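Visitor: I would like a close look at one part of this structure, the sheet together with whatever packs on it. Could you take me through that part with the cut-offs stated as you go?

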Amino acid sequence: MREIFILDHWYELENGEEFVRTVGMYSTESRAVQAAERMKDLPGFRDRPDDFHIDRYTVGKDHWSEGFFTP
């Protein structure tokens, strides 16, 4: 099956609030890494250059199959 690589910029503040920005989706991990390198000097991203995260997903597959609950 085909895979994609999603590049997010994610961090948590001291109060527990999370900030997640999806930067893009790429056909290879290498392209996602290159995108993070291009972005890390831009406003906002440059303040937290180590907070880029790449996740691999298989296209056509459920990735959140257990549901969720709100506490």
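Guide: What follows goes from the strands to the helix and then to the core. This is a predicted model, in which local features need pLDDT of at least 70 and side-chain atom pairs count only at pLDDT 80 or more, while totals for chains, interfaces and linings use all residues. Residues are numbered from 1 along each chain as its sequence is written, and side-chain values use heavy atoms, with hydrogens and water left out.

The sheet is open and has three strands in the order β2-β1-β3, paired antiparallel; helices (H or I, at least four residues) and strands (E, at least two) are DSSP runs numbered from the N terminus, and two strands pair if DSSP finds at least two bridges between them. The edge strands, β2 (18–26) and β3 (52–58), each pair on one side only, and the twist averages 30 degrees from one strand to the next. Strand β1 (residues 3–12) is joined to β3 by seven bridges, and L7 stands opposite I54 in β3.

Helix α1 (residues 29–39) packs on this sheet and touches β1, β2 and β3, its direction making about 155 degrees with that of β3; contact means heavy atoms within 4.5 Å, and axes are lines fitted to C-alpha atoms, for helices over the stretch in contact, with angles from 0 to 180 degrees between N-to-C directions. Leaving aside neighbours within four places in sequence, A32 is in contact with F5, L7, Y26 and I54.

The largest nonpolar core (buried Ala, Val, Leu, Ile, Met, Phe, Trp, Tyr and Cys residues joined through side-chain atoms within 4.5 Å, buried being under 20% relative accessible area with a 1.4 Å probe, protein chains only) has eight residues: F5, L7, Y26, A32, A35, A36, F45 and F52. Its largest share, three residues, comes from α1.

Technical notes. Buried < 20%, exposed > 50% of the residue type's maximum accessible area, 1.4 Å probe, protein only.
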